Amino acid sequence: MGLDGSKYAFVPFILLISLMLLLPMAVLLYEGYNHLLNAFMSPLFIEGAVVTILGASIALH
């Protein structure tokens, strides 16, 4: 039984996806939720969310 390279083909993708999920969670735990709540309440975020929802609803019809 030799080492088959195809068994390990998805390891970089699994590591990348793990970093994409774990890194934001680690930042939230380190910084706390106050920064996140302030970001969600900023006018720029709210306007961007409204524009995104409007664009999605237009594209849906």
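## A helical chain, spread out

Helix α1 covers residues 11-31, and its 21 residues reach 30 Å from the first C-alpha to the last, close to the 30 Å expected at 1.5 Å a residue. Keep in mind that this is a predicted model. How many of the 21 residues of α1 are buried? The number is zero, so α1 lies largely in the open. Just after α1 comes glycine 32, which takes a positive phi of about 95°.

Now for the whole chain. There are three helices and zero strands in the protein chain, and reading along the sequence gives the pattern α-α-α. The radius of gyration is 20 Å, while the globule rule gives 10 Å for 61 residues; the value is well over that, so the chain is more spread out than a compact globule. If you draw a box around the C-alpha atoms along the principal axes, you get roughly 60 × 40 × 10 Å.

What share of the 61 residues counts as buried? It's 0%. Buried here means under 20% relative accessible area, so no residue of α1 falls below that mark. As for surface, the protein chain exposes about 5900 Å², and carbon and sulfur atoms supply 78% of it.

Next, helix α3, which runs over residues 43-60. Its 18 residues should span 26 Å at 1.5 Å a residue, and the end C-alpha atoms are indeed 26 Å apart, which agrees. Here, too, the number of buried residues is zero, so α3 lies largely in the open. Alanine 59 is found in this helix, α3, and is exposed, with a relative accessible area of 65%. Alanine 59 and alanine 9 are 50 residues apart in sequence, and their C-alpha atoms are 37 Å apart in space.

Which residues make up the nonpolar surface patch? They are Phe40, Met41, Phe45, Ile46, Val50 and Leu54, and together they form a patch of about 590 Å². Helix α3 gives the most to this nonpolar patch, with four residues. Isoleucine 46 lies in helix α3 and is partly exposed, with a relative accessible area of 40%.

Then there are the aromatic rings. A search of the whole structure finds two aromatic pairs. Phenylalanine 10 and phenylalanine 13 make a tilted one, with 6.3 Å from centre to centre and 50° between the planes. Both partners sit in the open: phenylalanine 10 is exposed at 57% relative accessible area, and phenylalanine 13 counts as exposed at 51%. Phenylalanine 40 and phenylalanine 45 also form a tilted pair, with 4.9 Å between the centres and 50° between the planes. Phenylalanine 40 counts as partly exposed at 40% relative accessibility, and phenylalanine 45 is partly exposed with a relative accessible area of 40%. Phe40 and Phe45 also appear among the residues of the nonpolar patch.

Here are the four rings side by side:

| Residue | Relative accessible area | Class |
|---|---|---|
| Phenylalanine 10 | 57% | exposed |
| Phenylalanine 13 | 51% | exposed |
| Phenylalanine 40 | 40% | partly exposed |
| Phenylalanine 45 | 40% | partly exposed |

Why does phenylalanine 13 count as exposed? Exposed means over 50% relative accessible area, and phenylalanine 13 has 51%, so it falls in that class.

Terms used:
Residues numbered from 1 in each chain as written. Predicted model: local features only at pLDDT ≥ 70, side-chain atom pairs only at ≥ 80, totals over all residues. Heavy atoms only, no water. Phe/Tyr/Trp six-rings, centres within 6.5 Å; stacked < 30°, edge-to-face > 60°. Buried < 20%, exposed > 50% of the residue type's maximum accessible area, 1.4 Å probe, protein only. Helix = DSSP H or I, 4+ residues; strand = E, 2+ residues; numbered from the N terminus. Rg over C-alpha atoms; globule rule 2.2 N^0.38 Å. Areas by Shrake-Rupley, 256 points an atom, 1.4 Å probe, with all protein chains shown as cover. Patch = residues over 30% accessible without salt bridge, like charges linked within 9 Å, V, L, I, M, F, W, Y side chains within 5 Å. Salt bridge = Lys/Arg side-chain N within 4 Å of Asp/Glu carboxyl O. Expected span 1.5 Å × (residues − 1).
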